[in-house]
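User: I'm new to reading protein models. Could you walk me through this one, feature by feature?

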Amino acid sequence: MTATGLRWWLACRGDGVHRFFVPPSHIEEDRVTLPSDAARQLARVLRARPGDGVIVLDDSGYEYTVILDSVSPRHASGVINESNVGQGEASLSITLYQGLMKADRFEYVLQKGTEIGISRFVPMVSERTVARNIISDNRMQRWGKIIREAAEQAGRSRLPVLDDAVSFADACDSVAGPAIIGWECERDTGIRGTLLRHKTAIEQAQSLSIVIGSEGGLTAEEVSYALSRDVTPVSMGRRVLRAETAGIIAAAAVLYEMDELG
């Protein structure tokens with residue numbers, strides 16, 4: 001094996017491989033040009049050299065193993081060695097309608113939700129939402145970057161979708177297929193029992209929507225409205241969860257019950 005081949009083999013075995021999402025336009029035939037931020041990271045942080053290997057993703061579900069032939073803080077490019085269908089996506093699509101919170105808490109949801117396998121995030125304004133400010137373009141760009149970096153780290157091959165913010169009523173009205181809403185006042189219907197009862201419908205739809213309130217929780221009137229839209233209120237257990245924790249735990253419970261966690 002040549003020195004170049006050895007570096008490629010070492011880079012691509014185990015956790016040593018680095019992953020980068022790129023716009024589809026950055027892939028032309030068998031060549032890839034990485035974005036400027038990825039080039040800086042490769043050159044200055046990872047100390048990559050020509051001959052090293054990376055995995056490039058274009059949000060199509062495919063992974064491209066790439067051998068770098070040019071690395072500098074301003075430019076990095078390489079040749080596609082092979083392509084494969086990514087293995088990091090769940091077969092079940094989960095949409096999380098998450099009540100808006102303080103910026104750091106909402107960013108935590110985006111990061112950990114992406115890691116666990118959520119497919120779509122919809123920021124939501126409910127009656128008790130405190131953070132009602134208009135979401136700026138800069139904030140959406142920051143959130144998109146958090147999602148991208150979390151997806152790269154977690155080995156995903158598709159980027160979760162980040163929608164514009166909607167009202168609670170619009171969220172409930174837009175839900176299609178099986179859906180649950182976490183509510184701390186629910187006592188009779190637990191999340192596990194609900195998932196088991198509706199497992200066939202969830203498997204057939206290959207999707208599930210989860211609705212979670214913000215720091216102030218949800219009102220009884222809002223939960224009643226959700227129920228009228230076939231969104232099932234569920235208990236998350238005997239302990240009261242913080243808003244930024246509830247959606248992550250609910251998604252993990254769903255993926256576990258649907259045999260998506262191995």
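**Reading a sheet, a helix and a loop**

Analyst: Sure, let's start with a hairpin: S5 and S6 form one, with 4 residues between them. Keep in mind that this is a predicted model.

User: How confident is the prediction, then: what is the average pLDDT?

Analyst: The protein averages a pLDDT of 92, and 93% of the residues score at least 70. Residues 6-11 are a stretch to treat with care, as the pLDDT there is below 50. In the model that stretch still has 17 contacts beyond near neighbours in sequence.

User: Back to the strands. In what order do they lie in the open sheet?

Analyst: First the general idea: strands of a sheet pair through backbone hydrogen bonds, either parallel or antiparallel. Here the open sheet has 6 strands in the order S1-S4-S5-S6-S3-S2, and the pairing is mixed. S1 and S2 (27-28) are the edge strands, each pairing on one side only.

User: Which sense does each pairing take, parallel or antiparallel, for S1 with S4, S4 with S5 and S5 with S6?

Analyst: S1 and S4 are parallel, over 3 bridges. S4 and S5 run antiparallel, joined by 5 bridges, and S5 and S6 are antiparallel too, over 9 bridges. You can step across the sheet by residue: Val54 has Val66 in S5 as its bridge partner, and Val66 in turn stands opposite Ile80 in S6. Between S4 and S5 there's a hairpin with 4 residues between the strands, where Asp59 takes a positive phi near 65°.

User: Now helices. Which residues of H2 are buried?

Analyst: In H2 (residues 36-45), they are Ala38, Ala39, Leu42 and Ala43. They sit on the same side of H2 because they cover an arc of only 120° around the axis. The face turned away from that buried side carries the exposed Arg44 and Val45. As for what covers the buried residues, it includes strands S1 (19-21), S4 (53-57), S5 (62-71) and S6 (76-85). Just after H2, Arg47 takes a positive phi of about 55°.

User: One last spot: is Ser214 buried or exposed?

Analyst: The cut-off for buried is under 20% relative accessible area. Ser214 has 4% relative accessibility, so it counts as buried. Its place is in the loop between strand S12 (207-212) and helix H8 (220-228).

User: And which side chain does Ser214 join in a polar contact?

Analyst: That of Thr129, at 3.3 Å. Leaving aside neighbours within four places in sequence, Ser214 also has contacts that include Gly99, Met101 and Ala243.

Definitions and conventions
Residues numbered from 1 in each chain as written. Predicted model: local features only at pLDDT ≥ 70, side-chain atom pairs only at ≥ 80, totals over all residues. Heavy atoms only, no water. Helix = DSSP H or I, 4+ residues; strand = E, 2+ residues; numbered from the N terminus. Buried < 20%, exposed > 50% of the residue type's maximum accessible area, 1.4 Å probe, protein only. Polar contact = N/O pair within 3.5 Å; in protein donor to acceptor, adjacent residues only side chain to side chain. Contact = heavy atoms within 4.5 Å. Arc of directions from axis to C-beta. pLDDT = per-residue confidence, 0-100. Pairing = 2+ DSSP bridges.
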